[in-house]
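Thanks for sharing this one with me. Here are my notes, written so that you can follow along with the structure open beside you.

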Amino acid sequence: MEQTQELELKVTGMTCDACATHVTRALQGVPGVVKVDVPGWRSGKALVKAEGAPDVSRLTAAVRDAGYRASVAVQPEPDPRSVRSGAGDGIDLMIIGAGSAGFAAAIKAAELGFSATMVEAGTIGGTCVNVGCVPSKTLLRAVEAHHLAGVDRFRGVHTERGVLDWSELVRHKDALVENLRRTKYVDVLAAYPSIQYIQGKATLKGGTEVEVDGTTYRPRKILIATGATPWAAPIPGLAAAGFLDSTRALALQKRPESLLVIGANAVGLELAQLFARAGSRVTVLEALPRIAPFEDAAISAALAGYLREEGIEIHAGARIERVDKPDGRYELVATNEGQERHLQAEQLLVATGRRPNTAGFGLEEAGVMLGERGAVRVDGFLQTDNPDVFAAGDVIGRDMFVYVAAYAGSLAAENALTGARRPFDASAMARVTFTDPQVASAGLTEAQAQAAGYDVKVSVLPMSAVPRALAARDTRGLVKLIADRASDLLLGAHVLAPEGAEIIQAAVLAMKFGITTRALAGTLFPYLTNAEALKLAVQTFEKDVSKLSCCAG
């Protein structure tokens, strides 16, 4: 008979004695388990004795299937016979990159009972917390407060804008970034003894061999999670003149008197409105025929109108001929609507997209192939051409959002370590542009649905038909829904509204779980919320909501 080993699992979700019984029975059903002791549901743990080395992935899966969550609380001593020689012994998963995807992967590995080592050449936490979502959104909210101080929406209430201290605002933003980087990344490491963090540059040497600053490691599996960085379109004179990317723009210690923005997708539009509301004179140029070019055309048109009302100059369909910087000011020549335009500004921001970080750390030597725009090529399970190497996050070039990166990192770790082969699926996903009003979208636009051959029905509801918007004296925006006439299923949802991101998720769930528009229309939504806009938009498929009393279906 094989020698038995003991393992302590941390179990969450137990709320009664019956729960403890369920967990016990689930673990007893795992092959090789000879004894299970759950010392009461309040203990939050399970003691497992098994023949040979316990199969942690099977144990945690059994608990999960019973409706609870389990992770290794106390690791068993490794069998010396299983330890490989050389540096890096005992590493189940080495993760190159310590951003959202990397951390999610490391945590998943720990929850499954495996060891993980993260290697980061830059700043721990990655793009979102350091130079992306967090700094940009706190600055956007700050300048929104400044902007609203000069907007008298309610009779009898008069406010005035004070002086905006840009440098103090940036210092406050930096303090938030530092705090979240510490609490959500650095301090998180202490909660997982099986996760190791190395500050250094990793280079793949072939197979599963990784060199980090002269030390060689041989992990069982590798995950590439190196993210992406801003990319500038090849514009004559741009490199010589220099320019701001989103990272440098968010770090400016002095607010520019004027700003040219090249690129009118999410990043360009958010930063354009940020600086405009802070007091800069802003001009936006977009090569495609409209701003927010990947959103539904109705959303793009309405948003352009609101931004122009705030004084932002917009030129869509513009071809930029050249950029110069004589005498310390930028001069840009563009062709737009058959006319040559000469534009000047103190600063120039280029927001023409992002490209995966895949150069200079040995991917080719490891047999990892690259695809379009330098992205790591993966299959539907996030596995690269090297079967021992997986990739997740912005580096694979798909859906570059922090929440997708975290989902992909967790999924890739599970697939790599357990062979689960769970497919990557981001088909039901919302995307948000944090302008004011916000753009929140999911699924197909009207044009995409028609091109795909659907017989579509379309609902367009102005926010002026939403009681909450009327009460708030802010009726900017609209909700547009696209549904398949035959099945009555939602194909796309597009929201332009203050806090539009808070409206969209119910539509995402409807698309994910096949809820019909009629079922949505029959769902109770709380009155005097912006979320009610979705119900009213669904009702608009079949009736004129202007002829309904409050809350009437």
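The points below go through two sheets, a hairpin, a pair of helices and one histidine; please keep in mind that this is a predicted model.

1. Let's begin with the sheet of 4 strands. The sheet is open, its strands come in the order 15-14-13-19, and the pairing is parallel. Strand 15 and strand 19 (347–350) stand at the edges with a single partner strand each, so one side of each has no neighbour in the sheet. On average, neighbouring strands here are turned by 15° against each other, direction ignored.

2. Next, try tracing how the strands of this sheet are joined. Strand 14 (residues 281–286) and strand 15 run parallel and are joined by 4 bridges; for Thr283, the bridge partner in strand 15 is Glu313. Strand 13 and strand 14 also run parallel, with 5 bridges between them. There, Ser258 has Arg281 in strand 14 as its bridge partner.

3. Is strand 13 mostly covered or mostly open? It is mostly covered, as 5 of its 5 residues are buried. Both faces of strand 13 are covered: on one side you will find Ser258, Leu260 and Ile262, and on the other Leu259 and Val261, all of them buried.

4. A helix belongs in this picture too. Helix 9 (residues 266–278) packs on the sheet that holds strand 14, where the helix touches strand 13 (258–262), strand 14 and strand 19. The direction of helix 9 makes about 165° with that of strand 14.

5. Now zoom in on one residue of strand 15 (residues 313–316), namely His315. Why does His315 count as buried? Its relative accessibility is 8%, and the cut-off for buried is under 20%. The side chain of His315 makes a polar contact with the side chain of Glu313, at 2.6 Å. Leaving aside residues up to four places away in sequence, His315 touches Thr283, Val284, Leu285, Glu286, Asn336, Arg341 and Leu343.

6. Another sheet deserves a look. This open sheet has 5 strands in the order 7-6-5-11-21, with parallel pairing. Its edge strands are strand 7 (195–199) and strand 21 (389–391), each pairing on one side only. From one strand to the next, the twist averages 20°. Strand 6 (residues 116–120) pairs with strand 7 in the parallel sense over 5 bridges, and Met118 stands opposite Tyr197 in strand 7.

7. Which strands does helix 11 (residues 402–418) lie across? They are strand 5 (93–96), strand 11 (221–224) and strand 21. Helix 11 runs at about 165° to strand 21.

8. For an antiparallel pair, turn to strand 8 (residues 202–206) and strand 9 (residues 209–212), which are joined by 4 bridges. Thr203 has Glu211 in strand 9 as its bridge partner. The hairpin of strand 8 and strand 9 has 2 residues between the strands, and Gly207 takes a positive phi near 60°.

9. Last come two helices. Helix 3 (residues 100–111) and helix 6 (residues 166–189) pack at an angle of about 35°, and their axes are 12 Å apart. Their crossing is left-handed. Ser100, Phe103 and Ile107 in helix 3 meet Tyr185, Val188 and Leu189 in helix 6. The residues of this contact divide into 5 nonpolar, 1 polar and no charged.

Conventions
Residues are numbered from 1 along each chain as its sequence is written. This is a predicted model: local features need pLDDT of at least 70, side-chain atom pairs count only at pLDDT 80 or more; totals for chains, interfaces and linings use all residues. Side-chain values use heavy atoms; hydrogens and water are left out. Buried means under 20% relative accessible area, exposed over 50%, partly exposed in between (1.4 Å probe, protein chains only). A polar contact is a pair of N or O atoms within 3.5 Å; within protein, one must be able to donate a hydrogen and the other to accept it, and residues adjacent in sequence count only if both atoms are side-chain atoms. Contact means heavy atoms within 4.5 Å. Two strands pair if DSSP finds at least two bridges between them. Axes are lines fitted to C-alpha atoms, for helices over the stretch in contact, and angles run from 0 to 180 degrees between N-to-C directions. A crossing is left-handed if the near helix is turned anticlockwise from the far one by less than a right angle, and right-handed if clockwise. Ala, Val, Leu, Ile, Met, Phe, Trp, Tyr, Cys and Pro count as nonpolar, Asp, Glu, Lys and Arg as charged, and the others, Gly among them, as polar.
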